[in-house]
Amino acid sequence: MTRLILASQSPARTKLLTEAGIHHEVLVSDVDEDAVQARYGVTDAHDTALLLARAKAEAVASLPEAEGALVIGCDSVFEFDGESHGKPYTVDVAKERMLRMSGSKGVLHTGHWLVDCRETAADVNDGETAVGTGATVGAVSSAEVHFAEMSEKDIDAYIATGEPLHCAGSFTIDGLGGAFIRKVDGDPHAVVGLSISTLRDLLGQANVGITELWTQNGSEASIE
């Protein structure tokens, strides 16, 4: 079976793949996101999402455990009022953002980067079959998120759960935060953190059909 490695520790992403019936493994990168952004300078939310997704995918692809596999890295960045918002981490930052977001809208950009670590023709001896393409390709899937009016009491209660502190833009659509999202224009999977249709397109560029990764129940395994 063709191996797919998810270079992310996000439970939402691995759950999404599992529910889509896509067999995968999980191998978390140790990428320092702040250092990556500092190295390449200030970019907009769209490009930042792709940059960080690429950094994660390439970091995992360089590990011996990734040999013979396809690696997909993802990262999400929320664009609001022309600003890029990653994870808030603190209560004060989350509350300030959510007060501004109440009744308004923004764009969630999710970057995807795929690295084909399978053997290519240059890697094998005469007579052996190479399936690898050497592909390293990426794409961004974006969706406009419209928020309902949120009272300060609602915001405080939501932040108290801890959920928004570690989510790009200080919200989720697949958790408690879904109560405050009025509608989404675009791929809702992108708001969760991984667009299945975008993954399908990237796999196609590596000559892999997404149906090759289907398994009856979907599964994932962590690699330490």
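Select Thr 198 first: this residue is buried, with a relative accessible area of 10%. The model is a predicted one, and Thr 198 sits in helix α7, residues 196-205. Show the side chains of Thr 198 and Ser 195; a polar contact of 2.9 Å joins them. Next, display His 112, Ala 139 and Ser 141, which Thr 198 touches when residues up to four places away in sequence are not counted.

**Helix α1**

Move to residues 11-19, which form helix α1. Colour Arg 13, Thr 14, Leu 16, Leu 17 and Thr 18 in this helix, since each of them is buried. An α-helix has 3.6 residues a turn, so residues three or four places apart point the same way. Just after α1, pick Gly 21 and read its phi, a positive value of about 75°.

**Helix α2 and its ends**

Select residues 33-40 for helix α2. At its N-terminal end, Asp 32 acts as a cap. To see the cap, draw the distance from a side-chain oxygen of Asp 32 to the backbone nitrogen of Asp 34, which is 3.2 Å. Beyond the helix, go to Gly 41, which follows α2 and has a positive phi near 85°.

**The α2 and α3 pair**

Now add helix α3, residues 45-61. At what angle do α2 and α3 pack? The angle is about 120°, and the axes are 10 Å apart. Angles from 65 to 115 degrees would count as roughly perpendicular and those over 145 as roughly antiparallel, and α2 and α3 are therefore oblique to each other. The crossing of α2 past α3 is right-handed. To display the contact, take Glu 33, Val 36, Gln 37 and Tyr 40 from α2, and Thr 48, Leu 51, Leu 52, Ala 55 and Lys 56 from α3. Sorted by class, this contact holds 5 nonpolar, 2 polar and 2 charged residues.

**Lys 56**

Stay on α3 and centre on Lys 56. Is Lys 56 buried or exposed? Its relative accessible area is 10%, and the cut-off for buried is under 20%, so Lys 56 is buried. The side chain of Lys 56 makes a polar contact of 3.3 Å with the side chain of Glu 33. Apart from residues up to four places away in sequence, Lys 56 touches Ala 7, Ser 29, Val 31, Glu 33, Cys 74 and Asp 75. For a distance across the model, connect the C-alpha atoms of Lys 56 and Ile 173: they are 23 Å apart in space, with the two positions 117 residues apart in sequence numbering.

**Two positive phi values in loops**

Most residues other than glycine have a negative phi, and most peptide bonds are trans. Two residues to select against that background are Asp 81 and Tyr 89. Asp 81 is in the loop between β3 (70-80) and β4 (83-85), and its phi is near 50°. With 58% relative accessibility, Asp 81 counts as exposed. Continue along the chain to Tyr 89, in the loop between β4 and α4. Phi of Tyr 89 is positive, near 70°, and at 51% relative accessibility Tyr 89 counts as exposed.

**The α4 and α5 pair**

Select residues 91-101 for helix α4 and residues 152-160 for helix α5. Their axes come within 10 Å and cross at roughly 145°, in a right-handed crossing. On the α4 side, show Val 91, Ala 94, Lys 95, Met 98 and Leu 99; on the α5 side, Glu 152, Ile 155, Asp 156, Tyr 158 and Ile 159. By class, the contact between α4 and α5 has 7 nonpolar and 3 charged residues, and no polar ones.

**Thr 172**

The last stop is Thr 172, in the loop between α5 and β7 (181-186). Although placed in a loop, Thr 172 counts as buried, at 10% relative accessibility. Which backbone nitrogen does the side chain of Thr 172 reach? Turn on the backbone of Gly 175: its nitrogen is 3.4 Å from the side chain of Thr 172. Then display the contacts of Thr 172 outside its neighbours within four places in sequence: Tyr 158, Glu 163, Cys 167, Gly 177, Gly 178 and Ile 181. One of these, Tyr 158, was already shown on the α5 side of the contact with α4.

Definitions and conventions. Residues are numbered from 1 along each chain as its sequence is written. This is a predicted model: local features need pLDDT of at least 70, side-chain atom pairs count only at pLDDT 80 or more; totals for chains, interfaces and linings use all residues. Side-chain values use heavy atoms; hydrogens and water are left out. Helices (H or I, at least four residues) and strands (E, at least two) are DSSP runs, numbered from the N terminus. Buried means under 20% relative accessible area, exposed over 50%, partly exposed in between (1.4 Å probe, protein chains only). Contact means heavy atoms within 4.5 Å. A polar contact is a pair of N or O atoms within 3.5 Å; within protein, one must be able to donate a hydrogen and the other to accept it, and residues adjacent in sequence count only if both atoms are side-chain atoms. Axes are lines fitted to C-alpha atoms, for helices over the stretch in contact, and angles run from 0 to 180 degrees between N-to-C directions. Angles under 35 degrees count as roughly parallel, over 145 as roughly antiparallel, 65 to 115 as roughly perpendicular and the rest as oblique. A crossing is left-handed if the near helix is turned anticlockwise from the far one by less than a right angle, and right-handed if clockwise. Ala, Val, Leu, Ile, Met, Phe, Trp, Tyr, Cys and Pro count as nonpolar, Asp, Glu, Lys and Arg as charged, and the others, Gly among them, as polar.
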